[in-house]
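Biologist: I should like a close look at a single part of this model, namely the place where the ligand is held. Please treat it in one connected account.

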Amino acid sequence: MHIDLTHRVAVVTGGANGIGRATARRLAESGAHVAIWDRVPEIGEATAVALASEGLDVHFIETDVTRRASVDAAVALTITRFGGIDILINNAGITRDSQLVKIKDGSVTGGMTDDEFDAVVAVNLKGVYTCTQAVVPELLKRGGGRIVNASSVVALHGNFGQTNYVATKAGVIGMTQVWARELGKRNITVNAIAPGFIATEMTARMPASALEAMQTHTPAGRLGSPEDVANAYCFLSSDFAAFINGAVLTVDGGLVIGT
Ligand code: NAD
């Protein structure tokens, strides 16, 4: 299958690093013009320069998905640079892990803070809402488009220490299904990807024992690579996925099935 995204313009939020960077590369390799929206200018610029040096049309725009004014400015800059938007990959995400309550000797000694909860909701849930609402008018002007959202397998099964993160990733699936209904008749498909455990800076912060346990329970016997997920984003962004709408595609090496 040869995916051809020539003349398409793609936005990848959180595209400076990890899965987002691999996705920006994969989309650009398929012919798309790619705008990386990320809040970290040093890494975002370096990523865009590195990909451009390989002949790929990738442009960095400093963007904080938690701020509507920043997202609106990023839409305007993307239009100025590329003339429109066809594909939105809502990939930006963060973790602030903590147990709901920490218990020692039968007493509660701490737990997740409101700041930890709110920070993750602001990026992973409200950021997806804000970027999608800002980009949809541009997709309509092009006669349709593709939106793919970052969920996670933990949205389907929960995960220890991730009340805030799991809530947002489950919420992303809900929003995906609503928007698939609302936008489907406008020739816009909205799908979600649910990665398992992928080797990026996000999972590098997890305890090594937890990552080993994930590998042990994965039939593929390894963590995923950012490219594994990027390939799925690219497929759902392509014409081959024209009749896929409201789906959640698990990319986890079989983790949820188990060994
Ligand atoms: P990462 O930490 O390597 O990269 C995340 C990127 O998002 C960074 O470049 C960061 O600067 C950017 N970002 C964070 N807050 C932002 C904001 N407010 N505005 C704009 N950009 C912002 O993470 P990753 O592992 O590549 O994960 C990417 C996505 O995939 C996330 O949504 C994550 O929840 C999801 N995911 C990851 C895994 C995994 O195992 N790594 C598994 C399931 C889902």
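In which pocket does the ligand sit?

Modeller: The model is a predicted one, and in it the ligand sits in the largest pocket. That pocket has a volume of about 1,100 Å³. Its lining comprises 47 residues, and the closest to the pocket centre are Gly-93, Ile-94, Thr-95, Met-202 and Arg-205. Several elements give two or more residues to this lining: helix 1 (18-29), strand 2 (33-38), helix 6 (163-183), helix 7 (201-204) and helix 8 (208-216). By class, the lining of the largest pocket holds 22 nonpolar, 17 polar and eight charged residues.

From the pocket one may turn to the shell around the ligand itself. This shell consists of 30 residues, of which Asp-38, Asn-91, Tyr-165, Ile-198 and Thr-200 are the closest to the ligand. Among the elements, helix 1, helix 6 and helix 7 each supply at least two residues of the shell. Helix 7 gives the most, with three residues. Sorted by class, the shell contains 13 nonpolar, twelve polar and five charged residues.

Individual polar contacts can then be placed within this setting. Thr-200, one of the closest residues to the ligand, has an N or O atom in its side chain 2.4 Å from an oxygen atom of the ligand. Two further contacts involve nitrogen atoms of the ligand. In Asp-64 the partner is an N or O atom of the side chain, 2.9 Å from a nitrogen atom of the ligand. In Val-65, by contrast, the partner is a backbone N or O atom, and the distance to a nitrogen atom of the ligand is 3.0 Å. As for cover, the ligand on its own has 830 Å² of accessible area, and the protein covers 95% of it.

The second largest pocket may be set beside this site. About 150 Å³ of space lies in it, whereas the largest pocket, where the ligand sits, has a volume of about 1,100 Å³. The second largest pocket is lined by Arg-8, Asp-86, Ile-87, Arg-142, Gly-143, Gly-144, Gly-145, Arg-146, Asn-187, Ser-237 and Asp-239. This lining divides into one nonpolar, five polar and five charged residues, while that of the largest pocket has 22 nonpolar, 17 polar and eight charged residues.

Notes:
Residues numbered from 1 in each chain as written. Predicted model: local features only at pLDDT ≥ 70, side-chain atom pairs only at ≥ 80, totals over all residues. Heavy atoms only, no water. 1 Å grid on protein atoms, 1.4 Å probe; cavity = no way out; pocket = protein on both sides within 12 Å on 5 of 7 lines; lining within 4 Å. Points joined across faces, edges and corners; volume = space filled by probe spheres on them. Helix = DSSP H or I, 4+ residues; strand = E, 2+ residues; numbered from the N terminus. Nonpolar A, V, L, I, M, F, W, Y, C, P; charged D, E, K, R; others polar. Near = heavy atom within 4 Å. Polar contact = N/O pair within 3.5 Å; in protein donor to acceptor, adjacent residues only side chain to side chain. Areas by Shrake-Rupley, 256 points an atom, 1.4 Å probe, with all protein chains shown as cover. Sits in = over half its atoms within 2 Å of the grid points.
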